[in-house]
Amino acid sequence: MICFIGDGEFLRIDHARHSGRRLDQIAAYYPRPLRLFGEVPGEFRAEHCLHKRFAAHRALGGWFLYAPLRDWVSTVLAQGRLPDLNIEHAPKWRPRDGLP
């Protein structure tokens, strides 16, 4: 799943099998209250493509400024799916843990 987690100012675009668990992990070190805006089906390669697509709005790592992406995220969540992404050249596995 691709999950969208944020605090209203910043948005995290993340891949997770269990979005609620991922929210708890991030909230443990994040200084402000977070919420799960929603999730849609998607794999790690989709996360990678979204990070590249929204690089101009990146705050740090997987965190992005929320305001410029608010309408896009709302549309994606309302549709329940990501738009078509060119993921053929994206990594097939998560580099930080090396798992397929």
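**Exercise 1. Work out how β2 is paired with β5, then place both in the sheet.**

Start with the pair itself: β2 and β5 (residues 63-65) run antiparallel and share three bridges. Keep in mind that this is a predicted model.

Step 1. Pick a residue pair to anchor the view. Phe10 sits opposite Leu65 in β5.

Step 2. Go to the other neighbour of β2. Strand β2 covers residues 10-15, and five bridges tie it to β1 in the antiparallel sense. Here Cys3 has Asp14 of β2 as its bridge partner. The hairpin of β1 and β2 has three residues between the strands, and Gly8 takes a positive phi near 100° there.

Step 3. Carry on to β3 (residues 35-40). It is antiparallel to β1, again with five bridges, and Arg35 in β3 is the bridge partner of Gly6.

Step 4. Put the order together. You get an open sheet of five strands, β3-β1-β2-β5-β4, paired antiparallel. β3 and β4 (58-60) each have a single partner strand, so they are the edges, and one side of each has no neighbour in the sheet. From one strand to the next, the twist averages 30°.

**Exercise 2. Decide whether the residues of β1 are buried or exposed, and whether Cys3 takes part in a disulfide.**

Step 1. Look at the strand as a whole. β1 spans residues 2-6, and five of its five residues are buried.

Step 2. Split the strand by direction. Ile2, Phe4 and Gly6 point one way, Cys3 and Ile5 point the other way, and all are buried.

Step 3. Check the cysteines. The cut-off for buried is under 20% relative accessible area. Cys3 counts as buried because its relative accessibility is 0%. Cys49 also counts as buried, because its value is 12%.

Step 4. Ask about the bond. A disulfide is a covalent bond between the sulfur atoms of two cysteines. Searching the whole structure turns up zero disulfides, so Cys3 is not in one.

**Exercise 3. Find the buried and exposed sides of α1 and α3, and say what covers the buried residues.**

Step 1. Take α1 (residues 19-27). Its buried residues include Ser19, Arg22, Leu23 and Ile26. Looking down the axis of α1, the buried residues fall within an arc of 105°, so they line one face of the helix.

Step 2. Turn α1 around. Arg21 and Asp24 are exposed on the other side. The buried residues of α1 are covered by elements including β1, β2, β3 and β5.

Step 3. Do the same for α3 (residues 70-79), where Trp72, Val73 and Val76 are buried. The arc they cover around the axis is only 95°, so they are on the same side of α3.

Step 4. Asp71 and Ala78 are exposed on the other side of α3. Among the elements covering the buried residues of α3 are β1, β2, β3 and α2. Just after this helix, Gly80 has a positive phi of about 75°.

Step 5. Add the remaining helix to the picture. α2 (residues 44-53) lies across β1, β2, β4 and β5, at about 150° to β2.

**Exercise 4. Describe the nonpolar cores, using Trp72 as your way in.**

Step 1. List the contacts of Trp72. Setting aside neighbours within four places in sequence, Trp72 contacts Phe4, Leu50, Arg53, Phe54, Leu82 and Pro83.

Step 2. Step back to the largest nonpolar core, which has 16 residues; Ile2, Phe4, Leu11, Ile13, Trp72 and Leu82 touch the most other members. The elements giving two or more residues to this core are β1, β2, β3, α2 and α3, with α3 giving the most, three residues.

Step 3. Look for another core. There is one apart from the largest, with eight residues, among them Ile5, Ala16, Ile26 and Trp63.

**Exercise 5. Characterise the surroundings of Ala59.**

Step 1. Locate the residue: Ala59 is in β4.

Step 2. Classify its exposure. Its relative accessibility is 39%, so Ala59 counts as partly exposed.

Step 3. List its contacts. Not counting residues up to four places away in sequence, Ala59 touches Phe10 and Phe64.

Step 4. Compare sequence with space. Ala59 and Leu11 are 48 residues apart in sequence, yet their C-alpha atoms are 9.0 Å apart.

Notes:
Residues are numbered from 1 along each chain as its sequence is written. This is a predicted model: local features need pLDDT of at least 70, side-chain atom pairs count only at pLDDT 80 or more; totals for chains, interfaces and linings use all residues. Side-chain values use heavy atoms; hydrogens and water are left out. Buried means under 20% relative accessible area, exposed over 50%, partly exposed in between (1.4 Å probe, protein chains only). Helices (H or I, at least four residues) and strands (E, at least two) are DSSP runs, numbered from the N terminus. Two strands pair if DSSP finds at least two bridges between them. A disulfide is a pair of cysteine sulfur atoms within 2.5 Å. Axes are lines fitted to C-alpha atoms, for helices over the stretch in contact, and angles run from 0 to 180 degrees between N-to-C directions. Contact means heavy atoms within 4.5 Å. The arc is that of the directions from the helix axis to the C-beta atoms. A nonpolar core is a set of buried Ala, Val, Leu, Ile, Met, Phe, Trp, Tyr and Cys residues joined through side-chain atoms within 4.5 Å.
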